[in-house]
Amino acid sequence: MIPSFLYLDRYRNEGTRVYSRHAGHTEAEPAYRPNSEVSSFDLPAFWIPRDELNIYLADPHAAQSRRYLPGDEALFCVHPQVLDSGGDDPYLRKALSFGGVKESIRVSPTSSTRTLYVREPGRAHALKVHFPFRVSRYGRRMRDEVVEQAINISRELQQGIGCFDSRFGFLREVLGVTYKDLDSGSKRGENWGYLVRDLEPFPAVLDRRPLVPGFSLYGRDFFEPEKPLFIFELIRGRDPLTSVLEQIMLPIIRHWVECFLRFGFLLEPHGQNALLEIGADGEVARIVYRDLNLGIDCRRRRDLRLPVDRSNTYNQMEGGDFNSITYDKFMGGHFFDRLVAALVEGMPGLNVEDFRGPCREEFARIFPEHRRYLPRTIQYFSEERDEFGKPLYEDTGQPPVWRP
Ligand SMILES: Nc1ncnc2c1ncn2[C@@H]1O[C@H](COP(=O)(O)OP(=O)(O)O)[C@@H](O)[C@H]1O
Ligand SMILES: [Mg+2]
């Protein structure tokens, strides 16, 4: 029996937040953390006139529009830690100024802390909310341009789904609500809001298939740390090398390349964003990606003659440095290396090169022009930050290992 997705997302993730020196850091109150024993809490949501708000849509389910945008007013969801942390945020003050008429939405934290799983009957969905506290490397704001960008990417991927092979799926970001900008003089819009994420993987399938977060393959159980790792359950009775390559690693590499080549979007397939969808035969039917605030390689989009949005430049990249961060570090370093380390430790006779060699070959085969878009060495975040607190990038000088 595979535990529920929410259980795995919260509780089969111990020992994995070690991929960078910041990965274990959180400013979330204990009750709002994924790995706490608090099963759920109330998310305050205020009724705000719609003309105060920006609304972004990418084909939401009718029940989701009805829940969040029923008429002249919309629900404006505020994480309780934001509400408790005081009223000096102008958007929080504004939201409270409409009489404070509110609803409570019962939610549970997911692995990201600020994306909240809605515990209501009906179509499964999550709310990704503004959380300007640090979790891992960043403060987790949901600024207007960030919300809009996720909705735009979701819409474009949905329309272009035919570009992917049948093992690709994703969680759509279907509805976004933000406050209108109250300070047109600021260097960047600080107005914020939230996103509604549909939790039915797209494209839809008829049967129910369990979802397993990538990190749950090699993460320990919060309540029962001695439990065997899930990866050994998944490959039981199968050849470990071929099944891990064919069902997990090579599909993810193909998806990263397909997404890059067809859209210029940079998937971030670390263990938290890549979910395995398990078919009736116990094999991985699809990889389902969540979190669509992807980097956009403008050079690739120009090469494809695809539009480059001039009105929302969030995450637009001109050089190839972020391409390396997503492929070499998020996928290769944070996910594949950890998974292989668990396999090699549990199965003498395997070694890391057995996995890396075929991955490099597949990457070169399906992406012969990769030199044009990726740097020769691995790039990563530096400890330096820009004026908004965003980390700069640096060249590690290391040669890549998961691509030629
Ligand atoms: N094993 C893991 N690997 C990578 N990130 C993880 C892991 N476990 C938890 N996370 C958290 O996931 C968060 C990133 O996701 P985020 O963008 O906030 O939301 P979402 O993925 O729901 O869109 C980070 O805060 C990071 O700490
Ligand atoms: Mg994420």
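Which residue stands opposite Asp-297 in S17? In this predicted model, the answer is Met-317. The two strands involved, S16 (residues 295–297) and S17, run parallel and are held by two bridges. They belong to an open sheet of three strands, ordered S13-S16-S17, in which the pairing is mixed. Strand S13 (265–266) and strand S17 (316–317) sit at the edges, each pairing on one side only.

Stepping back to the whole chain, the domain assignment splits the protein into domain 1 (19–147 + 172–198) and domain 2 (211–395). Their centres, taken over C-alpha atoms, are 27 Å apart. Where the two domains meet, 10 residues of domain 1 are in contact with 13 residues of domain 2. The domain 1 side of this contact is a mixture: four charged residues, four polar ones and two nonpolar ones.

Then there is the ligand. Ligand 1 lies between domain 1 and domain 2, because both of them give residues to the shell around it. There are 20 residues around ligand 1, and the ones that come nearest are Ser-112, Thr-115, Ser-136, Gln-272 and Asp-291. Sorted by class, the shell holds 12 polar residues and six charged ones, with two nonpolar residues making up the rest.

A second open sheet has four strands, in the order S9-S15-S14-S12, again with mixed pairing. Its edges are strand S9 (168–170) and strand S12 (211–213), each of which pairs on one side only. On average, neighbouring strands in this sheet are turned by 35° against each other, with direction ignored. In the middle of that order, strand S14 (residues 274–278) and strand S15 (residues 284–289) run antiparallel and are joined by five bridges. One pairing to look at here is Leu-275, whose bridge partner in S15 is Val-288. Helix H7 (residues 240–263) packs on this sheet and touches S9, S14 and S15, with its direction at about 45° to that of S15.

H7 has a helical partner as well. It packs with helix H9 (residues 321–346) at an angle of about 170°, and the two axes are 12 Å apart. That angle makes H7 roughly antiparallel to H9. From H7, the contact draws on Pro-240, Val-244, Met-249, Ile-252 and Trp-256, while H9 supplies Tyr-327, Met-331, Phe-336 and Leu-343. By class, the contact of H7 with H9 comes out as nine nonpolar residues, with no polar and no charged ones.

Two spots in the backbone deserve a quick look. Most residues other than glycine have a negative phi, and most peptide bonds are trans. Thr-113 is not a glycine, yet it has a positive phi of about 80°. It is found in the loop between strand S4 (102–109) and strand S5 (115–118). The other spot is the peptide bond from Phe-202 to Pro-203, which is cis, with omega near -5°. Pro-203 lies in the loop that runs between strand S11 (193–198) and S12, and S12 is one of the edge strands of the sheet ordered S9-S15-S14-S12.

Notes: Residues are numbered from 1 along each chain as its sequence is written. Chains are lettered from A and ligands numbered from 1 in the order in which they are written. This is a predicted model: local features need pLDDT of at least 70, side-chain atom pairs count only at pLDDT 80 or more; totals for chains, interfaces and linings use all residues. A residue is near a molecule or strand if its C-beta atom, placed from the backbone, lies within 6 Å of it. Ala, Val, Leu, Ile, Met, Phe, Trp, Tyr, Cys and Pro count as nonpolar, Asp, Glu, Lys and Arg as charged, and the others, Gly among them, as polar. Domain bounds come from an automatic or database domain assignment. Two residues are in contact if their C-beta atoms, placed from the backbone, lie within 7 Å. Two strands pair if DSSP finds at least two bridges between them. Axes are lines fitted to C-alpha atoms, for helices over the stretch in contact, and angles run from 0 to 180 degrees between N-to-C directions. Angles under 35 degrees count as roughly parallel, over 145 as roughly antiparallel, 65 to 115 as roughly perpendicular and the rest as oblique.
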